[in-house]
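Subject: Structure handover

Hello,

Here is the structure you were waiting for. Please open it next to this email, and read the notes below with it on screen.

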Amino acid sequence: MNGCWDYGPLGVELLRNIKEEWWKAMTYRDDVEGLDAAILMHPRVWEASGHVENFTDPMIDCKQCKARFRLDTLTEMISDKNKEKALKEFDSVEGETLDDKFTALLEKPETAQKLLDIINCPQCGNKGAFTQPRKFNLMFKTFLGPVEDSNNVIYLRPETAQGIYVNFLNVANSSRQKLPFGIAQIGKAFRNEINTKNFLFRTREFEQMEMQYFVKPGTDKEFYDYWKDIRIQWFKSLGMTPSKLRFHDHPADKLAHYAKEATDIEYEFPFGWGEIEGIHNRTDYDLSRHQQYSGKSQQYYDDVSKEKYIPYIIETSAGASRSFMAFLIDAYYEEEVKGETRSVLRFHPKLAPIKAAVLPLVNKDGMPEIARKIESDLRPYFKIFYDDKGAIGRRYRRMDEAGTPYCITVDTQTLEDNTVTVRERDSMEQERVSIDKLVAYLQEKLI
Ligand code: ATP
């Protein structure tokens, strides 16, 4: 169960804020509609989509210790020394780095087997104990209704996209959208990954934020480039370090069966570059297959050109949980302040789980009463935290660690002139703000 995670009180706020910002950016526009489709769908949907046949990873087992590995993860698991030793057995191997060479061998069945025969299992250390690679379908299966037989098999969705495709004409007709237009959805997806790892990066239950943009064939390249740009900007606009973001374009020989062009937006995690969002030109593959399997026309009538055709789809598919991890890591800083180490999460204010803390300097002289009044005035607008325990410096640090952008302190001067100290998290600068201007002040900074 190591790939299952629960989000605590701060985590759930951060996750919701990420999803909310995505939802606003993607659907508060006149060419994208929202959708929330069911997780359980007719099993034929997954035949049509190609998942029953193709959604597999190559898996190997260790005959000795029974550990299971995704074939392509072996490269990361074997030590460089063992890689070097193994590679000596091959006369010539293509690739610049040791890892490239190792991966190249694993990718070809004829050399993969030879390699597996000479490397040690990363878990038990035994040499040559691996089974032949075999295909493992990543979809979780269950049964619909009380009878557990093969006629009642149903899948947990491995992506949210198919729920959008089968609703394409419903949404087009009910919302009277004309091409080009998109449908966006946020929701859970499930993949029975062979190995989960790296915290939230690869889990079996995760959340996706997907938008499928339907376009006239021939205009697909233009919209593919357009969405690439919009999507990388979105991460930057929420404060992600630009130098830690890049595109990884898929070479033509590595494209998925449905794709004409594909790129990943990658983030530089502490363990290396990893995909956080995929952008794909899926052509008319999906709608054509659904037309074929359902027997229902998926053609769109274009009343400008007076033609009927199956639209092309440009997909932007981001992981909410993987983005969460990238935003969290990117925000984390440790710095020296007055001889002490301060840990701070520099979240963009829109993502910060708590927007402001209200702190009476001392728990007497009427300060708590004023602070409680401020708290209740701000609560309808923002997620607020009230804290009256301990030294003010420690209370500030606690809020730095949670990534709270503003701390509002009620102090002796408040009693004289109805102003409070507002401390900004990153600069730690303080300014005095009149209590009756606080809502407007925070709204300007946070929204
Ligand atoms: P990977 O190659 O890393 O398995 P993928 O290419 O299969 O990913 P897509 O099918 O394009 O991923 O899914 C879109 C997004 O969904 C990914 O960019 C990622 O953010 C997220 N995602 C996919 N699989 C997982 C998972 N097992 N755990 C968490 N997020 C995931």
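A salt bridge here is a side-chain nitrogen of Lys or Arg within 4 Å of a carboxyl oxygen of Asp or Glu. Keep that cut-off in mind for Glu-193 and Arg-202: their closest N and O atoms are 3.5 Å apart, so the pair counts as a salt bridge. Both residues are buried. Please note that this is a predicted model.

**Overall picture**

The protein has 447 residues, and 48% of them count as buried. Its secondary structure comes to 16 helices and 21 strands. The C-alpha trace spans about 80 × 65 × 50 Å along the principal axes. Take the contacts with a separation of 6 or more: residues 24 or more positions apart account for 66% of them.

There are three domains. Domain 1 is made of two stretches, 9-49 and 148-328. Domain 2 covers 56-137, and domain 3 covers 354-446.

**Where domain 1 meets domain 2**

The C-alpha centres of these two domains lie 32 Å apart. Seven residues of domain 1 are in contact with 10 residues of domain 2. The area buried between them is about 680 Å². Carbon and sulfur atoms give 49% of that area.

Which three residues supply the most on the domain 1 side? They are Ile-194, Asn-195 and Lys-197, with 69% of the area that domain 1 buries against domain 2.

Charge features here too. Three salt bridges run between domain 1 and domain 2. In one salt bridge, the side chains of Lys-197 and Glu-76 meet at 2.0 Å, N to O. Three residue pairs are in polar contact across this interface. On the side of domain 1 that touches domain 2, one residue is nonpolar, two are polar and four are charged.

**Two helices and their packing**

Start with helix H11, residues 285-294. Its buried residues include Tyr-285, Asp-286, Leu-287, Arg-289 and His-290. What covers them? Among the elements are helices H2 (43-48), H8 (161-165) and H9 (168-175). Strands S8 (205-215) and S14 (312-319) are also part of the cover. Gly-295 follows H11, and its phi is positive, near 70 degrees.

Next is helix H7, residues 109-118. Thr-111, Ala-112, Gln-113, Leu-115 and Leu-116 are its buried residues. They pack against strand S2 (56-61) and against three helices: H4 (74-77), H5 (80-87) and H6 (98-107).

**Salt bridges elsewhere**

Side chains of opposite charge can pair when their charged atoms come close. In this model the count comes to 39 salt bridges. Two more pairs deserve a look on screen.

The first pair is Glu-47 and Arg-44. Their closest N and O atoms are 3.2 Å apart, and they form a salt bridge. Both lie in helix H2, three residues apart, about one turn of the helix. Are they buried, exposed or partly exposed? Glu-47 has 32% relative accessibility, so it counts as partly exposed. Arg-44 has 38%, so Arg-44 also counts as partly exposed.

The second pair is Glu-335 and Arg-346. Their side chains meet in a salt bridge at 2.5 Å, N to O. This pair links distant parts of the chain, with the two positions 11 residues apart in numbering. Glu-335 is in strand S15 (residues 332-337). Arg-346 sits in the loop between strand S16 (340-345) and strand S17 (356-360). Arg-346 counts as partly exposed because its relative accessibility is 28%.

The pair also belongs to a network. Salt bridges that share partners join Glu-335, Arg-342, Arg-346, Arg-397, Asp-400, Arg-423, Arg-425 and Asp-426.

What else does Glu-335 touch, leaving out residues up to four places away in sequence? Its contacts are Glu-340, Thr-341, Arg-342, Val-344, Arg-346 and Met-428. With Arg-346, the side chain of Glu-335 also makes a polar contact, at 2.5 Å.

Best wishes

Technical notes: Residues numbered from 1 in each chain as written. Heavy atoms only, no water. Domains from an automatic or database assignment. Contact = heavy atoms within 4.5 Å. Buried area = accessible area lost by both parts, 1.4 Å probe. Polar contact = N/O pair within 3.5 Å; in protein donor to acceptor, adjacent residues only side chain to side chain. Nonpolar A, V, L, I, M, F, W, Y, C, P; charged D, E, K, R; others polar. Buried < 20%, exposed > 50% of the residue type's maximum accessible area, 1.4 Å probe, protein only. Helix = DSSP H or I, 4+ residues; strand = E, 2+ residues; numbered from the N terminus.
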